[in-house]
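Got your viewer open? Let's take a short walk through some aromatic rings, one selection at a time.

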Amino acid sequence: DDVFGRGVDVTWDKKGDLPYTMAVIKEIQRFADIAPTGLMHKTVCDASLQGYNLPANTLIMANFSYCHRDPELWTHPDQFYPEHFLDNGKLVINKEGFMPYGIGSRICPGKELADMEMFLILTNILTSYQLLPVGGDDGDLGTQFETGTAVLRNPKPYRVVFEERI
């Protein structure tokens, strides 16, 4: 009886058995970087941060894109490389510089739900289908972005063929 394979439902409790899949999902979030800055905040009083004085009412915006492409934190910052999130085949849980949901007390409250949904949707699609480029397509899904809102970037549209696994 196969634990994974065609037509087998993958459940959230199986995430520990699929470290490479989890690493791919995290690398998609790092590399695609759809929320480059997160939401704006402001200081409520005078503050100091690493030698910088920030007067009250100073607008603060994190640069997550820089963190996700910092060559001091990532072996291959400008390449899709899931191994960024693996250490001897085990998933790295708290990777420095990885902040797709923000950080600290203002982190996205839906983080766990989003992680679960991405894992379940992707793995369950892949148990039944191969995803292939449309005939004549060079396979470039595009990592550049069309203009989006001030907070999010929208990926370019692309087409894909779902071919049932045999």
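How many aromatic pairs does the count come to? Five, in what is a predicted model.

**First stop: Trp74 and Phe85.** Select these two and look at their rings. They make a tilted aromatic pair, with 5.5 Å from centre to centre and 50° between the planes. Now colour by secondary structure: Trp74 and Phe85 both lie in the loop between α2 (64-69) and β5 (86-87), so this pair ties together parts that are 11 residues apart in sequence. Are Trp74 and Phe85 buried or exposed? Turn on a surface to check: Trp74 is buried, and Phe85 is too.

**Next: the company around Trp74.** Add Phe98 to your selection. Trp74, Phe85 and Phe98 form one aromatic cluster. Then show the side chains of Arg30 and Lys95. Which ring does the charged end of Arg30 sit over? That of Trp74, at 5.1 Å from the ring's centre. The charged end of Lys95 also sits over the Trp74 ring, 4.9 Å from its centre.

**Last stop: Tyr129 and Phe162.** Clear the selection and pick this pair. The rings meet edge-to-face, 5.8 Å apart centre to centre, with 70° between the planes. Where do the two residues lie? Tyr129 is in strand β7 (residues 129-133) and Phe162 is in strand β10 (residues 160-164), so the pair ties together parts that are 33 residues apart in sequence. Bring the surface back for a final look: Tyr129 counts as partly exposed, at 32% relative accessibility, and Phe162 counts as partly exposed at 43%.

How values were computed:
Residues are numbered from 1 along each chain as its sequence is written. This is a predicted model: local features need pLDDT of at least 70, side-chain atom pairs count only at pLDDT 80 or more; totals for chains, interfaces and linings use all residues. Side-chain values use heavy atoms; hydrogens and water are left out. Rings of Phe, Tyr and Trp (its six-membered ring) pair if their centres lie within 6.5 Å; planes under 30 degrees apart count as stacked, over 60 as edge-to-face and the rest as tilted. Helices (H or I, at least four residues) and strands (E, at least two) are DSSP runs, numbered from the N terminus. Buried means under 20% relative accessible area, exposed over 50%, partly exposed in between (1.4 Å probe, protein chains only). A charge sits over a ring if NZ of Lys or CZ of Arg is within 6 Å of the ring centre and within 35 degrees of the ring normal.
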